[in-house]
Amino acid sequence: MRSTSSKNRTSRAARTAAAVFAGALALSLTACGGGDDNGDGNEQGGSGDETAATVTLPKLDGESLEVAAVWTGAEQANFKKVLAEFEKRTGAKVTFVPAQDPIINFLGSKVAGGQPPDIAMLPQPGAIKQAVEKKWAKPLGADAIKELQENYSQGWQNIGKVDNKQYGVYYKAANKSLIWYNTQVFENAGAKEPKTWDELLTTAQTVYDSGVTPFSVGGAEGWTLTDWFENIYLSQAGPEKYDQLAQHEIKWTDPSVKDALTTLAQVWGKKDYVAGGATGALQTDFPASVTQTFTGGDQPKAAMVYEGDFAQVNITQAKAEVGTDAKVFPFPTVGDTAPVVSGGDAAVILQDSKAAQALATWLASPDAATIQAKLGGYLSPNKNVDNSAYPNAVQQKIAKALIDSGDDFRFDMSDQAPQAFGGTPGKGEWKALQDFLKNPSDIAGTQRTLEADAAAAYGN
């Protein structure tokens, strides 16, 4: 699967996008915002007027659909409200099917049993490609494509394509170039928001000297570790190298990978910089890595946690207020420019029908995305979602930055890889980086392991 950003895209374009993103976030750092569960209960699109529908849907009385996704908790509950509005507008009945990670394996068992869901929300372009290669995925129809063309930049359309045919609707996006911090800890320590990697290390030492561990890392889930690496690599090695590594056109034994791992080890290998040490981090899942940063008063288990905009859901669950108790700064510049890494989840049709095509069309509309935007903890790549739909100023700035970057961003590298390398717990890149977190001094060994696993997965 080709990268969202083609290989002939210039470094200058990437720098422009990074500047837009960093500038927008800088404005958000002092913004006050409410928690992410403060949806107003209004589940309509746009202005909230029931008659203000922007998408035409067929009547589907008596039709039943299943949608599978790995989402849990508040994320699942909020998505179900989007499905409920589809039911209201069409008369169809939609059932949410909880899936396990990796979802491709889950879907394989469903297909083998003759009961695939009508639509699956796939979190990696590599997974879309696999679904097409296995002849599970069905192309989108004219109505869904029309919605995509009206509401999405070309880059977001392209990452849902395989062999130039549209299969995916990227309903949910993520901005993965953020570090969230506990405001009280920073104030107590006299710490400042860093703009460069060296400044981040200085800030971490300042926090450490105040008696609080600098970083919380959700190492029990390997994907969080790949995100750390990708931000460092994109900023340090540059977008062209990033694209080459994402497609395995250069090897993981390349010196640029050594440089990125060496930089990463400045945090992971620093004694007492990671909450619980390596052992504790490897037992901490992503939700806990966030909540432990924003609980415990002025003595939380850590001062900072790296992850995307979706961390707001977990911040709210910790009873912290985004924009007051929890603030955010862009992932610092390691090389020439700050990184802009995105991820996302795409709706892919597995059982073609009028109802399934209608649901894909609905998910491509601003009406659907607006419902979930109002509920918080969600970011849409749909450029026609009104920015005011997002529930706080921090989220509004993050959303605006993503839309303003247009096609000039880089999609999560591990999500572009074959599932066996970039998306399977206990294997491939996830496992190699968990081992590296345990032993950050073994850079050469980590590179060899990554290259062996990548070569096997990519087949080259």
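Let me start with one term: contact means heavy atoms within 4.5 Å. Keep that in mind, and keep in mind that this is a predicted model.

First stop, Phe-79. Which residues does Phe-79 touch, not counting residues up to four places away in sequence? The list runs Val-67, Trp-71, Phe-96, Met-121, Tyr-171, Leu-363 and Gln-372.

Now widen the view. Phe-79 belongs to the largest nonpolar core, which has 89 residues. Phe-79 is among the members that touch the most other members. Phe-86, Met-121, Trp-180, Leu-359, Trp-362 and Leu-363 are in that group too. Which helix gives the most to this core? That is α15, residues 354-363, with seven residues. Apart from this core lies another one, of 51 residues. Its members include Leu-201, Ala-204, Phe-229 and Tyr-242.

Back to Phe-86 for a moment. Phe-86 is in contact with Ala-92, and so are Leu-60, Glu-63 and Glu-87, leaving aside neighbours of Ala-92 within four places in sequence. Where does Ala-92 sit? Look in the loop between α2 (73-90) and β2 (93-98). Buried or exposed? Ala-92 has a relative accessible area of 5%. The cut-off for buried is under 20%, so Ala-92 is buried. One more pairing here: Ala-92 and Leu-65 are 27 residues apart along the chain. Their C-alpha atoms are separated by 7.5 Å.

Next, empty space. Rolling a probe the size of a water molecule over the atoms shows where such space is left. The largest pocket has a volume of about 920 Å³. How many residues line the largest pocket? The count is 37. Nearest its centre lie Val-70, Glu-75, Glu-221, Trp-223 and Phe-286. By class, the lining has 14 nonpolar, 13 polar and ten charged residues. Several elements each supply at least two lining residues, among them α2, β6 (168-175), β11 (341-349) and α20 (428-438). The largest share, four residues, comes from α9.

Then the cavities. There are three of 30 Å³ or more. The second largest holds about 40 Å³ of space. Phe-286 is one of its lining residues, along with Ser-216, Val-217, Gly-218, Thr-224, Trp-228, Ser-289, Val-305 and Tyr-306. So Phe-286 lines this cavity and is also among the residues nearest the centre of the largest pocket. The cavity lining divides into five nonpolar, four polar and no charged residues. Three elements each supply at least two of them: α9, α13 and β9 (304-306).

Now helix α20. Why call α20 largely enclosed by the rest of the structure? Because eight of its eleven residues are buried. Those are Gly-428, Glu-429, Trp-430, Ala-432, Leu-433, Gln-434, Phe-436 and Leu-437. What covers them? The cover includes α9, α11 (255-268), α12 (277-281), α18, α19 (419-422) and α21 (443-458).

Last stop: the loop between α20 and α21, where we find Asp-442. Asp-442 has 34% relative accessibility, so it counts as partly exposed. A polar atom of its side chain lies 3.0 Å from the backbone nitrogen of Gly-445. Asp-442 and Leu-261 are 181 residues apart along the chain. Their C-alpha atoms are separated by 9.5 Å.

That is the tour. Thanks for listening.

Conventions
Residues are numbered from 1 along each chain as its sequence is written. This is a predicted model: local features need pLDDT of at least 70, side-chain atom pairs count only at pLDDT 80 or more; totals for chains, interfaces and linings use all residues. Side-chain values use heavy atoms; hydrogens and water are left out. Buried means under 20% relative accessible area, exposed over 50%, partly exposed in between (1.4 Å probe, protein chains only). On a 1 Å grid over the protein atoms alone, a cavity is a set of points where a 1.4 Å probe fits but cannot get out, and a pocket is an open set with protein on both sides within 12 Å along at least five of seven lines; lining residues have an atom within 4 Å of a point. Grid points are joined across faces, edges and corners, and a volume is the space filled by probe spheres set on the points. Ala, Val, Leu, Ile, Met, Phe, Trp, Tyr, Cys and Pro count as nonpolar, Asp, Glu, Lys and Arg as charged, and the others, Gly among them, as polar. A nonpolar core is a set of buried Ala, Val, Leu, Ile, Met, Phe, Trp, Tyr and Cys residues joined through side-chain atoms within 4.5 Å. A polar contact is a pair of N or O atoms within 3.5 Å; within protein, one must be able to donate a hydrogen and the other to accept it, and residues adjacent in sequence count only if both atoms are side-chain atoms.
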